[in-house]
Amino acid sequence: MHAFANPRRFLAIAVPVTPWCFWSGVLLIVAGCWAGLFIAPADYLQGDSFRILYIHVPAAWLGMGGWSGLTIAAVMQLVWRHPLAAVAGRAIATPGAVFTALCLSTGSIWGRPTWGTWWEWDGRMTSMLLMLFLYIGYIALARSSADRGEAGGVSRVTAIFALIGALNLPVIHYSVEWWNSLHQGSSIGLSGSKIAGSMLWPLGLTVLGFTFWFTAIVLLRMRAILAENRIEARLARMSRG
């Protein structure tokens, strides 16, 4: 991993990879959504309302996956002092928050016809809402760190906050097993899937597509942060004469 610690070496890989991830993600998302809307059959209980899962499930996956990325970046920053770890943390936080908010909003839209309510304070939904607040807190701490001129724009306190927030991940995952919930349990596991194959393969396309798209957004944000850091360093040198 330290082989990519040099920003130039990282950029040499990130620059060509970014458009491939972006456009591959767009194509997979479009294909998956089209198949989910027009090819997959309606659910025998939920009817057509189930089709929002083709957005909801990838959003939930990336909301949790984004915080997992923050956790890895925090460990690399605190333990190995990887120079790009803080940059990666800043780059992940905002799209992670956006996908978490998308998960909550699509879940509410799905819940209204399915459960008869827009919102229920059960374990899964409440812990996911808590994750959105954690993202907002991380973004605020990272912004404060950047304003103070911390290396990479993320302080050690911000990295520790990411590690503490990771405790919410198993709560989200196991909440439907620990507490009574309107939210359905896991439909896909190591033992197989409870979703019919005709409905499952479009979901695979959208999950993969949104993952590629998320990756491209993070890489773009990392490149922008590195460019901003270079400009600020150059201005600082010029101001010193």
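Me: Why are helices α2 and α5 called oblique to each other?
Reply: This is a predicted model, and in it the axes of α2 and α5 (residues 156–165) cross at roughly 135°. Angles over 145 degrees count as roughly antiparallel, and 65 to 115 as roughly perpendicular. The angle of roughly 135° fits neither range, and it is not under 35 degrees, the cut-off for roughly parallel. The pair is therefore oblique.

Me: What else describes the way α2 and α5 cross?
Reply: Their axes come within 8 Å, and the crossing is left-handed. Two packed helices are described by the angle between their axes and the distance between the axes.

Me: What makes α2 and α3 roughly antiparallel?
Reply: Helix α2 (residues 53–80) and helix α3 (residues 85–115) pack at about 155°. The cut-off for roughly antiparallel is over 145 degrees, so α2 and α3 receive that label. Their axes are 7 Å apart, and α2 passes α3 in a left-handed crossing. Where α2 touches α3, the contact has 16 nonpolar and 10 polar residues, with no charged residues.

Me: How do you know whether Arg81 is buried or exposed?
Reply: Arg81 has a relative accessible area of 61%. Exposed means over 50%, so Arg81 is exposed. This residue lies in the loop between α2 and α3.

Me: What is notable about phi of Arg81?
Reply: Phi of Arg81 is near 55°, which is positive, and Arg81 is not glycine. Most residues other than glycine have a negative phi.

Me: Why do Cys33 and Cys103 get their accessibility labels?
Reply: Buried means under 20% relative accessible area. Cys103 is at 6%, so Cys103 counts as buried. Cys33 has 22%, which is not under 20% and not over 50%, so Cys33 is partly exposed.

Me: How many disulfides does a search of the whole structure find?
Reply: The search finds zero. A disulfide is a covalent bond between the sulfur atoms of two cysteines. To count here, a pair of cysteine sulfur atoms must lie within 2.5 Å.

Me: Which residues does the UniProt record annotate as "transmembrane region"?
Reply: The unreviewed UniProt entry gives that annotation to several spans, among them residues 123–141 and 199–220.

Me: What are the helix content and the end distance of residues 123–141?
Reply: The span of residues 123–141 is 100% helix and 0% strand, and its end C-alpha atoms lie 27 Å apart. Residues 199–220 are also 100% helix and 0% strand, with end C-alpha atoms 32 Å apart.

Note on methods
Residues numbered from 1 in each chain as written. Predicted model: local features only at pLDDT ≥ 70, side-chain atom pairs only at ≥ 80, totals over all residues. Heavy atoms only, no water. UniProt positions renumbered as here; feature names shortened; annotations may be inferred. Helix = DSSP H or I, 4+ residues; strand = E, 2+ residues; numbered from the N terminus. Axes fitted to C-alpha atoms, helices over the stretch in contact; angles between N-to-C directions. Left-handed = near helix turned anticlockwise from the far one by under 90°. Nonpolar A, V, L, I, M, F, W, Y, C, P; charged D, E, K, R; others polar. Buried < 20%, exposed > 50% of the residue type's maximum accessible area, 1.4 Å probe, protein only.
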